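These are my notebook entries on one protein model. I record what I looked up and the cut-offs that applied.

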Amino acid sequence: MSRNRTGTPGGGRPGPWRRRRRGDGERRPGPPGPYALLPWLLMGLGSFSNLFQGEAANPWLGGLGLLVFNSLYVSVVFRGFDRRKRESPVSYWLLAAMTAVTLALAIGYGGSWLLFFPLLSLACGAILRNRRLAVGVLTLAAVATAVAVWRGNGASDPWTIGYGTFISGAVTAAILTLAETVMELRATRQELARTAVEKERLRFSRDLHDLLGHTLSVIVVKSEAARRLAPRDMDAALLQVADIESVGRQALTEIREAVTGYREGSLATELDRARSALTAAGIEPVLRRSGPPLTPQTEALLGWVVREAVTNVVRHSHATTCSFVLDGTAERVRLTITDDGSGPDRDAPATPGIGGTGLTGLTERLAASGGSLRAGPAPGHGFVVTAELPVDGPGPADEGTGTPQDARPARMPGSGCGGPEAGV
């Protein structure tokens, strides 16, 4: 027998409910198929024996009825494993035909022919669900009991026929419903796994864009500064080159951390890097800060905002000043970054997530944490980025006292001067 590449006879594709082949890892048995319900037709051997031994009146009529019942049973059972076919009107018409044939054979012959009631109930369990199943099986069990009592010549007690009829349909429906649920759960788990992979890819691409975009912008700016300083002040140029080396080493570390998913940004660290990048580009950074201390998660998100905003300022703004205003309450914190550069079209409305991939990714980050990001032209001239986030909890500094910090202006890290609006 020829086999295809998958090892299935005849070159066919393996069915969805077959067992996995050995060596494929974990083997999970699938739910029963329609062939599992066919052996129950052996319950009709007593009827066939009556026909074969000539114990049944009108054997040709009985044989025709037996053939029609078996054909209908096979058709109904196979339709029961296809949801679209199972719920179609044709399936109910086939069940109705089976019911008519079963009643005719059971009433006409009795005896072992009464066992067609459990087979009919089994077929009902393959097709019917919920309320229809309960009504159908209970009604069928009552009819089977009544016919068995009326005929009075069955091989089994009438109540046994009724109970067997009821239990056949109920158990069949329960097993098939459970099997369908297991298949749906497996499909859902696979979908969740695919979704998790997609989210991780999105996270990594977003982190990589934010990390490299900012780092490369700083390297370019410092390289230009070193080139301008080299003819006049070699020591200052070498200092810029040393900064480039430090930024590059730090970028390698951050990329490794981003790959493993363990990177947590620090707002103070990002502000320090912003000071260095803006100063090298000839832009004066200014910071005003008030409100309670922030949680590490909030600081990490605001650090990403600072990184992306500063990258855009250095690249596109042609500004001379860039201000950072951080204020907040016990519930929410707001960071506003404004530059006085030329900026985009001043007539364009402020739109959440306006800008390139970086600001779009930041909008998604903040929205996932219950925050928001707005970016657009500043009043007069320049560009403004505003990020708002909920405060998840008290910071370490005020957990013991429960009181927020006093509103105060602050210097950016690394600043050499202070004041309410300190250049850094």
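The entries below go from the whole chain to single elements and residue pairs.

**Entry 1: conventions**

I worked on a predicted model, in which local features need pLDDT of at least 70 and side-chain atom pairs count only at pLDDT 80 or more, while totals for chains, interfaces and linings use all residues. Residues are numbered from 1 along each chain as its sequence is written, and side-chain values use heavy atoms, with hydrogens and water left out.

**Entry 2: the whole protein**

I counted eleven helices and seven strands; these are DSSP runs numbered from the N terminus (helices H or I, at least four residues; strands E, at least two). Of the 424 residues, 40% are buried. For burial I used relative accessible area with a 1.4 Å probe and protein chains only: buried is under 20%, exposed is over 50%, and partly exposed is in between.

I noted an exposed surface of about 23,300 Å², of which carbon and sulfur atoms supply 60%. Such areas come from the Shrake-Rupley method with a 1.4 Å probe, and for residues only the protein chains shown count as cover. I then looked at contacts, meaning heavy atoms within 4.5 Å. Among contacts with a separation of 6 or more, 69% are between residues 24 or more positions apart.

**Entry 3: helix α4**

I took α4 as residues 89-109, a helix of 21 residues. The distance from its first C-alpha to its last is 30 Å, close to the 30 Å expected at 1.5 Å a residue; the expected span is 1.5 Å times one less than the number of residues.

Which residues of α4 are buried? I listed S91, L94, L95, M98, V101, T102, L105, A106 and Y109. Viewed down the axis of α4, these buried residues fall within an arc of 130°, so they line one face of the helix. The arc is that of the directions from the helix axis to the C-beta atoms. I recalled the general rule that an α-helix has 3.6 residues a turn, so residues three or four places apart point the same way.

On the other side of α4, I found P89, W93 and A104 exposed. The buried residues of α4 pack against α2 (59-79), α3 (83-86), α5 (116-127) and α6 (130-151). After α4 comes G110, with a positive phi near 65°.

**Entry 4: G62**

I located G62 in helix α2; its relative accessible area is 0%, so G62 is buried. Leaving aside neighbours within four places in sequence, I found G62 in contact with L51, L105, Y109 and W113. I also checked G62 against G108: the two are 46 residues apart in sequence and 9.1 Å apart in space, C-alpha to C-alpha.

**Entry 5: salt bridges**

How many salt bridges does a search of the whole structure find? I obtained 13, taking a salt bridge as a side-chain nitrogen of Lys or Arg within 4 Å of a carboxyl oxygen of Asp or Glu.

I first examined E180 and R86, whose side chains meet in a salt bridge at 2.6 Å, N to O. This pair links distant parts of the chain, with E180 in helix α7 (residues 158-229) and R86 in helix α3, 94 residues apart. R86 counts as buried, at 5% relative accessibility.

E180 also forms a salt bridge with R129, the closest N and O atoms being 3.6 Å apart. R129 lies in the loop between α5 and α6 and E180 in helix α7, so the pair ties together parts 51 residues apart in sequence. R129 is buried at a relative accessible area of 17%.

I then turned to R332 and E388, which meet in a salt bridge at 3.7 Å, N to O. Here R332 is in strand β3 (residues 332-339) and E388 in strand β6 (residues 383-390), 56 residues apart. R332 is partly exposed at 34%, whereas E388 is buried at 13%. Lastly, I noted that salt bridges sharing partners join R83, R86, R129, E180 and E184 into one network.

**Entry 6: helix α9**

I checked α9 (residues 267-280) as well: its 14 residues should span 20 Å at 1.5 Å a residue, and its end C-alpha atoms are 20 Å apart, which agrees. Its buried residues are L267, E270, L271, A274, A277, L278 and A280. G282 follows α9 and has a positive phi, near 80°.
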